[in-house]
Structures are given as structure tokens and as C-alpha cells.
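Visitor: I am new to this structure and should like to understand the terms used to describe it. May we look at it together?

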Amino acid sequence: MEFTVLGLSEEVRAGVTALGYTKPTPVQEQAIPVALRGDDILACAQTGTGKTAAFLLPTMQRIPVEGRIRALVVTPTRELATQIEEEALVIAGQTGHAVLAVYGGMPYPPQLKRLRAGVDLLVATPGRLLDLQSKGDIDLSEVEILVLDEADRMLDMGFWPDVSRILRLLPPQRQNMLFSATLSDDVLRVIGKAVHDPVRVDVSPASVPVDAVEQYVYPVNASQKTELLVALLEEIDEYRAIVFTRTKQRADRLDAALRKSGVHSDTVHSDRSQSQRERTLADFKSGKHALLVATDVMARGIDVEGVTHVINYDIPDRPEDYVHRIGRTARAGETGVAISLLAHDELEPLRHIERVVGKTMESRDVEGFDYMDRIVPRADRGATASTRTLFSGGVHRRGGRSGRGRRF
Ligand code: AMP
């Protein structure tokens with residue numbers, strides 16, 4: 001399908017061209033015509049599917065250029081807010097809309113100055129939006145289109161009471177578009193109330209990035225994960241990689257250990273200041289750091305092109321997080337590799353992930369790595385073998401034979 005058949009105006013199509021997109025992604029194909037009709041949308045689509053353009057393009061076609069906030073995009077993190085703003089600014093270069101992102105941690109004076117100059121499309125994190133609204137700096141009384149981006153994440157992060165307050169501040173007659181990576185019954189029960197008689201748009205997470213990503217499991221004793229990661233990186237040679245850990249503390253520790261081993265690494269998580277995080281992301285984008293250590297919350301929206309590898313230093317408990325993580329690579333038609341370091345106690349979550357993504361991941365070893373003193377996981381699990389046989393439970397002694405495909 002082509003963008004031309006979706007009903008977009010010439011100006012907005014010029015925006016598409018400026019973004020460099022030639023063909024719509026599935027979520028764009030499904031959502032744009034519905035959004036242009038003015039219907040509410042309930043979309044199950046994760047980052048990496050092209051969802052941002054799916055809501056920005058029709059939104060910007062439907063709102064006038066007059067410097068009053070007619071469209072509001074609410075999103076959980078600063079990183080997402082700035083990414084949405086960036087994409088909207090490219091489209092605005094053709095349509096003439098005034099676009100602004102407001103988020104916590106950003107100084108007030110420039111925001112206020114730009115708000116006073118007039119804004120058509122406002123992108124905001126919930127806290128800062130309420131803050132500015134309560135001070136009388138933002139007028140939401142003319143909002144015609146509301147987009148709730150990563151709604152499940154906002155729920156997870158405890159923002160939903162804020163989002164509910166925002167909903168009450170908006171005119172009841174409006175179009176609502178809700179994007180969420182997951183639409184489980186629990187999530188739906190809460191966030192589903194934000195949309196009226198919506199058209200469901202489903203981009204199955206399993207079919208989008210997962211198929212384009214080669215996925216491998218590297219069984220290893222928990223205490224040797226860092227060592228194995230360093231060996232793996234040496235084997236990979238050239239990479240732009242994101243490594244995920246379960247906690248901020250583990251991210252910091254791993255980052256420090258990697259640096260010690262000579263890896264150009266940096267970390268991004270919620271304990272770091274806004275400016276630190278921005279600098280880290282810029283350094284990663286420019287290639288100064290080839291590796292970024294991240295936690296799930298912060299990495300959800302990181303949109304960096306050309307990520308070759310996603311490495312799960314820790315296997316996430318929730319399959320959605322796995323799908324999100326590996327969606328950082330193989331974006332928009334590229335291919336990528338996802339590697340999971342699997343410790344013995346992570347078999348259960350791995351099995352769960354495999355059930356959700358519908359495939360058994362191939363196990364590998366790093367050739368020449370000294371897998372020592374461990375409850376030994378087996379690396380010979382082929383595509384059909386059951387995960388139950390993955391760990392054999394033997395103890396392997398230092399100095400033993402090692403290498404890819406080795407049996408324990
Ligand atoms: P998103 O899901 O909105 O975070 O988008 C994921 C990535 O896909 C971003 O880097 C976009 O720039 C890119 N993208 C979105 N739509 C298209 C398209 N139609 N063609 C090519 N790339 C796209």
C-alpha cells in the first residue's frame with residue numbers, strides 16, 4: 001500500500017516525504033484512515049511499529065494552524081515526548097503547525113515563552129502538563145484531539161490518576177486515540193474508559209519486530225554474565241548495542257564493569273539527570289558510545305537508528321518487555337540480533353517469552369569462553385528441543401574444553 005491511498009492531504013504527504021517514509025507501516029495503514037474520519041482509536045502497537053506517525057499525520061491534518069492547542073499528545077517519558085516532538089516538527093515544516101513538547105526537568109521560561117507564542121499541537125508528560133495547567137499557563141479548553149501514547153506504561157508508572165485528571169480538563173466532545181503496547185483485560189479495564197466506541201487497531205507484537213530479529217540464548221552462570229558479555233562483544237566486533245538489566249543498580253554496576261574492560265559504554269536510567277540522559281543518548285546516536293546499558297522504563301521509547309544488537313543481560317519477567325526491548329533493533333525494515341544471557345533461575349521467564357513470541361530460541365556458546373564452576377546450562381538446545389532440557393545441572397571444572405556447541 002502507498003501513502004497516497006490513505007486520504008492524507010498534499011501538505012501532510014509532503015511531511016511524510018520530509019520524514020523519508022515511502023510506504024506506510026501496518027499500524028499507519030490501519031489507523032490513518034480511521035483517524036482521518038474522526039473516530040476514536042484503541043490501538044495495540046508498540047514502539048518501533050511506526051505508531052508515532054500513525055497518530056501525528058492524521059492529527060496534523062485535522063487541526064487548524066492558529067496557535068491554539070487543538071491537539072494534545074500525552075506520553076509517559078521525556079524521551080518519548082522529545083521524539084514525538086521531533087517527528088511532529090518535521091511534518092510541521094510542511095504544514096506550518098506550531099509544535100511544542102513540555103516535560104518535567106525542562107526549565108519553565110522557554111516553555112512559557114513558546115506557549116505564549118501559540119501552540120497547535122502540544123506533547124506533554126502528565127505531571128508537567130497538570131503543573132502548567134494549574135498555574136494557568138496552558139488552556140486545554142479547545143482540545144479536539146487527544147492522543148494517549150504508551151497508555152499501559154503510564155498505568156505501570158502510576159501516572160493514571162494524573163491522566164484521569166487531564167481527561168476531566170478536556171472538552172467532552174473530542175476525538176481520542178489510545179496507543180498501548182499491551183491491551184490485556186486488566187489494562188483495558190482501566191484505560192479503555194478513555195475512548196468512546198473505538199475502532200480497534202491491532203498490530204500483533206509477535207509479527208512486527210520479532211520476526212525480523214534473530215534471537216539467541218547464551219546460557220551462563222549468573223556470576224559470569226559480565227565476563228561472558230565482554231567476550232561476546234569481542235566476538236561481535238562491530239556493534240551498536242543496547243544492553244538491558246533488571247534494575248538501575250545492576251545497570252550502573254554493569255556499566256562500570258564494562259568500562260573497566262575497555263568497552264565504550266554508558267548508561268541511561270531514571271536516577272540520572274535530564275541533561276545527563278540527553279547527553280548519553282546523543283553520544284550513543286553519534287557513535288561515541290557503542291553500547292548503552294538501560295532499564296526497561298527508560299528504554300521504552302529510545303529511538304535510535306542502526307541498533308545492531310539488543311542484549312538481555314537479565315531476562316525480563318514480562319514477555320511484553322522482551323518484545324519492547326528487541327524492538328529497539330530491526331526497526332523499519334532493518335534486521336537485528338537479540339541475545340539473552342540466561343542464568344539458571346531465568347528459565348521460567350524465558351519459557352514464558354518463548355510461548356508468547358511463538359518460537360524456541362537457539363542456544364549458543366561463546367567460543368573459547370571458560371565456562372567454569374557453574375551449574376552448567378546446555379548450549380545444544382536446537383530449535384525443536386524443549387527448554388526443560390536446557391540445564392543439565394552438572395558442574396564443570398575450570399580448564400575444561402569449551403566452545404560453541406559444546407555439550408555438558
Ligand atoms: P515509532 O513506532 O513511532 O517509534 O517508529 C519507529 C521507527 O520507524 C522510527 O524510527 C520512525 O522514524 C520509523 N518509521 C515510522 N514510520 C515509517 C515508515 N512508514 N517507513 C519507514 N520508517 C518509518
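Guide: Certainly; please note that the model is predicted. Of the 15 residues around the ligand, those that come nearest are Tyr21, Lys23, Gly48, Gly50 and Thr52.

Visitor: What makes the pair formed by the ligand and the side chain of Tyr21 a polar contact?

Guide: An oxygen atom of the ligand is 2.6 Å from an N or O atom in the Tyr21 side chain. A polar contact requires a pair of N or O atoms within 3.5 Å, so this pair qualifies. The side chain of Gln28 has an N or O atom 2.8 Å from a nitrogen atom of the ligand, and therefore meets that cut-off too. The protein buries 87% of the 500 Å² that the ligand exposes when taken alone.

Visitor: How do you know which domains contribute to the shell around the ligand?

Guide: Domain 1 (3-202) and domain 2 (213-391) each supply at least three of its residues. The shell comprises four nonpolar, seven polar and four charged residues.

Visitor: Why is the set containing Leu57 and Leu121 called a nonpolar core?

Guide: The name applies because its members are buried residues of listed nonpolar kinds, joined through side-chain atoms within 4.5 Å. This largest core has 41 residues, and Leu57 and Leu121 have the most contacts inside it. Leu57 touches residues including Phe3, Val16 and Ile91. Apart from that core lies another, of 33 residues, among them Leu42 and Ala194.

Terms used: Residues are numbered from 1 along each chain as its sequence is written. This is a predicted model: local features need pLDDT of at least 70, side-chain atom pairs count only at pLDDT 80 or more; totals for chains, interfaces and linings use all residues. Side-chain values use heavy atoms; hydrogens and water are left out. A residue is near a molecule or strand if one of its heavy atoms lies within 4 Å of it. A polar contact is a pair of N or O atoms within 3.5 Å; within protein, one must be able to donate a hydrogen and the other to accept it, and residues adjacent in sequence count only if both atoms are side-chain atoms. Accessible areas come from the Shrake-Rupley method with a 1.4 Å probe; for residues, only the protein chains shown count as cover. Ala, Val, Leu, Ile, Met, Phe, Trp, Tyr, Cys and Pro count as nonpolar, Asp, Glu, Lys and Arg as charged, and the others, Gly among them, as polar. Domain bounds come from an automatic or database domain assignment. Buried means under 20% relative accessible area, exposed over 50%, partly exposed in between (1.4 Å probe, protein chains only). Contact means heavy atoms within 4.5 Å. Lists of a residue's contacts leave out its neighbours within four places in sequence.
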